[in-house]
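Ready to get to know a protein model by working through a few exercises? Try each one yourself before you read the solution.

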Amino acid sequence: MTRSNRRPCRSIPVPSPVRLDPSDELAVALHTIDDFGRSIQSADTKAGALAAVLGLIVGGLVNDLAGADVRLLTRQGVLGAPGPAFAVFLVSLVVAGVALAMTQIPRLTTGEHPCRLAFPSVARDGVRGVDLTGEAWQQVEVLAGIAMTKFRHLRLGLLSTCACVVSFLTWLTIVVTTG
């Protein structure tokens with residue numbers, strides 16, 4: 001289909017904002033908090049799975065190194081033809097490990113006005129006299145930032161883990177076939 005044969009896209013009209021009843025707005029905010037919390041939990045689960053893959057690769061490397069002649073491994077496995085693959089493996093292993101660790105570091109910095117629905121504030125001050133809807137939307141913003149940061153680190157961890165797996169298997173194949 002050529003460009004001239006395409007039908008023009010029609011823009012979809014954006015509905016005007018509707019003001020919700022305060023209890024409905026609070027319900028929407030709390031539902032959004034729950035959704036974002038599940039997204040954060042999903043990122044944590046994926047990071048754990050990638051860390052397990054890295055652990056298996058390191059275990060495989062240690063197992064291979066334990067049974068190898070160190071002189072042969074040094075001459076052919078690191079300094080010889082498989083050396084670049086081993087270097088990529090080590091760099092991607094470190095990058096993946098750091099990126100996955102960064103997904104687990106909590107970001108509990110508080111702004112000028114800490115959210116009163118966050119667990120430290122509720123434990124300390126309770127929730128009496130709090131504008132729950134405003135606080136809920138503030139919590140949504142905080143969770144959105146946490147989720148974006150986690151998924152940014154997770155993306156880097158995933159790409160690095162893939163590079164780590166490929167370079168490890170390449171290095172292992174070269175060592176086995178040339179040794």
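Three exercises follow, each with a worked solution.

This is a predicted model, where local features need pLDDT of at least 70, side-chain atom pairs count only at pLDDT 80 or more, and totals for chains, interfaces and linings use all residues. Residues are numbered from 1 along each chain as its sequence is written, and side-chain values use heavy atoms, with hydrogens and water left out.

**Exercise 1.** Work out how H3 and H5 are arranged relative to each other.

Start with what to look for: two packed helices are described by the angle between their axes and the distance between the axes. Helices here are DSSP runs (H or I, at least four residues), numbered from the N terminus. The axes of H3 and H5 come within 7 Å and cross at roughly 155 degrees; axes are lines fitted to C-alpha atoms over the stretch in contact, with angles from 0 to 180 degrees between N-to-C directions. That makes H3 roughly antiparallel to H5 (angles over 145 degrees count this way).

Next, see who meets whom, with contact meaning heavy atoms within 4.5 Å. From H3, the residues include Phe86, Phe89 and Ala96, and from H5 they include Gly157, Phe168 and Trp171. The residues of this contact divide into 16 nonpolar, 7 polar and no charged (Ala, Val, Leu, Ile, Met, Phe, Trp, Tyr, Cys and Pro are nonpolar, Asp, Glu, Lys and Arg charged, the others, Gly among them, polar).

**Exercise 2.** Which residues do ring pairs link into a cluster?

Rings of Phe, Tyr and Trp (its six-membered ring) pair if their centres lie within 6.5 Å; planes under 30 degrees apart are stacked, over 60 edge-to-face, and the rest tilted. The count comes to 4 aromatic pairs. Take phenylalanine 86 and phenylalanine 89: their ring centres are 5.8 Å apart and the planes sit at 40 degrees, so the pair is tilted. Both lie in helix H3, 3 residues apart, about one turn. Now phenylalanine 168 and tryptophan 171: with centres 6.0 Å apart and planes at 35 degrees, this pair is tilted. Put together, the cluster is Phe86, Phe89, Phe168 and Trp171.

**Exercise 3.** Is threonine 103 buried or exposed?

First, place it: threonine 103 is in the loop between helix H3 (83–102) and helix H4 (119–125). Its relative accessibility is 0%, so threonine 103 counts as buried (under 20% is buried, over 50% exposed, partly exposed in between, with a 1.4 Å probe and protein chains only). Its contacts, leaving out residues up to four places away in sequence, are Asp44, Ala47, Lys150, His153 and Leu154.

Notes
Helices (H or I, at least four residues) and strands (E, at least two) are DSSP runs, numbered from the N terminus. Angles under 35 degrees count as roughly parallel, over 145 as roughly antiparallel, 65 to 115 as roughly perpendicular and the rest as oblique.
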